[in-house]
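Hello,

Here is the structure I promised to pass on to you. Please have a look at it first, and then read my notes underneath.

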Amino acid sequence: MAFEDLLEDPVIQKYLHELVGPTGMPVAAAPPDGEVTDEELAEDLDLELNDVRRALFILYENDLATYRRLRDEDSGWLTYLWTFEYDNIPENLEEEMHRLHEALEDRQEYERNHEFYLCEICSIRFEFGEAMDFGFECPECGSPVESMDNDRLVHAMDDRLAALEDELNIDA
């Protein structure tokens, strides 16, 4: 899939934005063909060099960019030539979805195995042990905490897990 096609996908745009943030997004959204230096990118995109380097490093950490070093024989300075590797994005997104699935399963188990109490004034949620330690009173405002039904939350997690399992072809 070509860079242009990938970058038109709103899911991939969001993924890149989450990785590099708003300052690095111009770097991630404008991958050049072939190799480019960080200085060239900073100049072409009219960005601070440190912002470009930060974005490139984040892309590198996520296997979305590679570099090779060249040493200037006269000055000894190193030049980094960057190449964007956006072919890895679908695989990275799938790994993220697997991590999300695992985290959601863990959270759902936590929600199912604990009893919660809520201060309706402060909107603070306590586990049973915490509520008991505070004498079933909110430590912030002193009002009584009430037993909380989290069935809607658990059911929403069921739905989200089912959707992820369908997307990832996981047998539940």
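Below is what I found, going through a bent helix and then two sheets. Please keep in mind that this is a predicted model.

**The bent helix**

Let me start with α2, which covers residues 10-29. A straight helix of its 20 residues would reach 28 Å at 1.5 Å a residue, but the end C-alpha atoms of α2 are only 12 Å apart. Where does the kink in α2 lie? Look at Gly 21: the kink there is about 115°, and the proline Pro 22 follows shortly after. Gly 21 is also one of the buried residues of α2. The others on that list are Ile 12, Tyr 15, Leu 16, Leu 19, Val 20, Gly 24, Met 25, Val 27 and Ala 28.

**The sheet of β1, β3 and β2**

Next comes an open sheet of three strands, in the order β1-β3-β2, with antiparallel pairing. Each of β1 and β2 has a single partner strand and stands at an edge, so one side of each is left without a neighbour in the sheet.

On one side of β3 (residues 78-84), two bridges join it to β1 (residues 36-37). Here you can find Val 36 opposite Trp 82 in β3. How many bridges join β2 to β3? There are seven, with β2 spanning residues 65-71. Two pairs will help you trace this part: Ala 65 stands opposite Phe 84, and Leu 70 has Thr 79 as its bridge partner.

β2 and β3 also form a hairpin, with six residues between the two strands. In its turn, Gly 76 has a positive phi of about 85°.

**The sheet of β5, β4 and β6**

Further along the chain there is another open sheet, made of three strands in the order β5-β4-β6, and its pairing is antiparallel. The edge strands are β5 (124-127) and β6 (146-148), each of which pairs on one side only. On average, neighbouring strands in this sheet are turned by 40° against each other, direction ignored.

Strand β4 (residues 116-119) is joined to β6 by three bridges. If you want a spot to check on screen, try Tyr 117, whose bridge partner in β6 is Ser 147.

Which helix lies across β4 and β5? That is α5, made up of residues 89-112, and α5 runs at about 75° to β5.

I hope this helps you find your way around. Do write back if anything is unclear.

Best wishes

Definitions and conventions. Residues numbered from 1 in each chain as written. Predicted model: local features only at pLDDT ≥ 70, side-chain atom pairs only at ≥ 80, totals over all residues. Heavy atoms only, no water. Helix = DSSP H or I, 4+ residues; strand = E, 2+ residues; numbered from the N terminus. Expected span 1.5 Å × (residues − 1). Bend = angle between axes of the 7 residues up to and from the residue. Buried < 20%, exposed > 50% of the residue type's maximum accessible area, 1.4 Å probe, protein only. Pairing = 2+ DSSP bridges. Axes fitted to C-alpha atoms, helices over the stretch in contact; angles between N-to-C directions. Contact = heavy atoms within 4.5 Å.
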